[in-house]
Amino acid sequence: MSILTAQRNTSLDVVTLGEAMAMFVAAETGDLAEVEHFTKRIAGAELNVAIGLARLGLQVGWVSRVGNDTFGRFTLQQLKKEGINYQQVTVDGQYPTGFQIKSKNTDGTDPTVEYFRKGSAASHLSTADFNRDYFGAARHLHLSGVAAALSGQSLELSHFAAHEMRAMGKTISFDPNLRPVLWSSQQVMIEQLNKLAFAADWVLPGLKEGQILTGQSTPEGIADFYLERGVQAVIIKTGPDGAWFKTAAGDCAAVPAIKVSNVVDTVGAGDGFAVGTLSALLEGKTLKQAVQRGNKIGSLAIQAIGDSEGLPTRAALAE
């Protein structure tokens with residue numbers, strides 16, 4: 001195993017960790033077994049957020065493991081292309097880079113996604129991948145429930161990173177990104193993801209995710225569940241209605257969605273929302289302004305094929 005050290009460790013706005021996968025998107029609709037042509041792209045919930053933040057001009061660090069293989073080299077090429085600091089990406093000679101295949105839908109429904117990630121290099125992320133100087137160079141840590149679900153040792157890294165960044169006085173955001181199939185049971189998933197949420201300043205669940213994790217049925221009930229445990233703000237994605245937020249100070253508001261007439265690919269909408277919300281908060285915008293930007297970028301994300309292709313640059317967002 002070797003760690004890439006070609007990049008200089010500089011001050012970072014955000015650091016995040018997780019799995020990057022090669023993704024093959026079907027060029028035709030229909031059963032994936034019958035599709036003959038695919039386009040190769042990059043995917044991963046936390047990576048989508050990293051890409052989106054970097055396109056908006058933030059300095060972003062990415063911590064992961066990739067295999068010493070074609071997909072691993074492809075991942076590193078994409079990180080470099082997006083301007084993401086990958087100094088703490090380990091090239092693992094023992095385990096492979098994961099990949100996935102995704103169907104093409106034209107009716108606005110969620111595409112079918114099949115994953116080939118078991119035993120991947122990223123699933124072997126552990127506390128050994130926590131470089132205190134590297135993480136400490138960032139002012140904010142973004143975590144997701146996907147990295148936490150990859151393996152027991154990846155979960156341990158997520159908890160450890162949250163604890164250490166909190167001790168260093170950094171802010172933390174958490175997007176549950178539920179992946180029930182990766183957990184041993186729903187109860188374990190709920191317990192572990194709530195523990196990560198309680199360590200965060202900003203929690204960004206979808207409405208259904210929040211209902212599962214808290215047992216509450218309403219946005220306010222979900223928000224209060226986390227606010228009572230020390231979270232500073234809870235921003236809940238409410239689907240076609242947009243989003244709803246509440247803060248520890250009691251401020252709350254619904255922020256309407258931006259209507260989209262042509263939904264191309266729903267995957268990555270939540271990551272786009274996180275990009276908009278987090279970037280604005282890190283720029284010192286109000287929470288309402290942040291959620292408005294989250295809705296905007298989420299709406300752009302679902303109008304492009306691919307998980308991150310619809311995420312805008314700063315210039316495109318201004319337009």
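Buried means under 20% relative accessible area, exposed means over 50%, and partly exposed covers what lies in between, using a 1.4 Å probe and protein chains only. With that in hand, select T247: this residue is buried, because its relative accessible area is 15%. T247 belongs to strand β13; helices (H or I, at least four residues) and strands (E, at least two) are DSSP runs, numbered from the N terminus. Leaving out residues up to four places away in sequence, T247 touches L227, Q232, A233 and L287, where a contact means heavy atoms within 4.5 Å.

**Before going further**

This is a predicted model, in which local features need pLDDT of at least 70, side-chain atom pairs count only at pLDDT 80 or more, and totals for chains, interfaces and linings use all residues. Residues are numbered from 1 along each chain as its sequence is written, and side-chain values use heavy atoms, with hydrogens and water left out.

Colour the chain by pLDDT, the predictor's confidence in each residue, from 0 to 100. The chain has a mean pLDDT of 91, and 91% of its residues reach 70 or more. Now select residues 1–7: here the pLDDT is below 50, and the stretch has 19 contacts in the model beyond near neighbours in sequence.

**The nonpolar cores**

A nonpolar core is a set of buried Ala, Val, Leu, Ile, Met, Phe, Trp, Tyr and Cys residues joined through side-chain atoms within 4.5 Å. Select L47, W62, L79, I84, W202, I235 and V291, the residues with the most contacts inside the largest core, which has 42 residues. Elements that each supply at least two residues of this core include α1 (45–55), β5 (60–67), α2 (70–82), β12 (233–237) and α10 (287–301). Which helix gives the most to this core? Select α9, which contributes seven residues.

Zoom in on I235. Not counting residues up to four places away in sequence, I235 touches W202, V203, L204, P205, W244, F245, F273, T277, L287 and V291. Apart from the largest core lies another, of 40 residues; A162, W183, L193 and L227 are among them.

**Helix α1**

How many of the eleven residues of α1 are buried? Ten are, so this helix is largely enclosed by the rest of the structure. The buried residues of α1 include A45, E46, N48 and G52. Past the helix, select G57, which follows α1 and has a positive phi, near 100 degrees.

**Strand β3 and its partners**

Two strands pair if DSSP finds at least two bridges between them. Show β3 (residues 21–29) together with β4 (residues 38–43): these strands run antiparallel and are joined by six bridges. M21 has A43 in β4 as its bridge partner. Then add β7, which runs parallel to β3 and is joined to β3 by five bridges. On that side, T29 stands opposite K104.

**Aromatic rings**

Rings of Phe, Tyr and Trp (its six-membered ring) pair if their centres lie within 6.5 Å; planes under 30 degrees apart count as stacked, over 60 as edge-to-face and the rest as tilted. The count comes to ten aromatic pairs. Select F71 and F99, whose ring centres are 5.5 Å apart with planes at 55 degrees, so the pair is tilted. F71 is in helix α2 and F99 in strand β7 (residues 99–104), 28 residues apart. F99 is partly exposed, at 26% relative accessibility. Add F24 and F116 to see one aromatic cluster with F71 and F99.

Move to F130 and F160. Their ring centres are 5.1 Å apart and their planes stand at 85 degrees, so this pair is edge-to-face. F130 lies in the loop between β8 (113–116) and α3 (132–136), and F160 in helix α5 (residues 152–167), so the pair ties together parts 30 residues apart in sequence. F130 is buried at 10% relative accessibility, whereas F160 is partly exposed at 29%.

**Charges over rings**

A charge sits over a ring if NZ of Lys or CZ of Arg is within 6 Å of the ring centre and within 35 degrees of the ring normal. Select K40 and F74: the charged end of K40 sits over the ring of F74, 4.4 Å from its centre. The charged end of R229 sits over the ring of F225, 4.0 Å from its centre.

**Last stop: D129**

Is D129 buried or exposed? D129 is buried, with a relative accessible area of 6%, and lies in the loop between β8 and α3. Residues up to four places away aside, D129 touches V63, R65, Q88, T90, H124, F135 and L157. The C-alpha atoms of D129 and Q88 are separated by 7.6 Å, with the two residues 41 apart along the chain.
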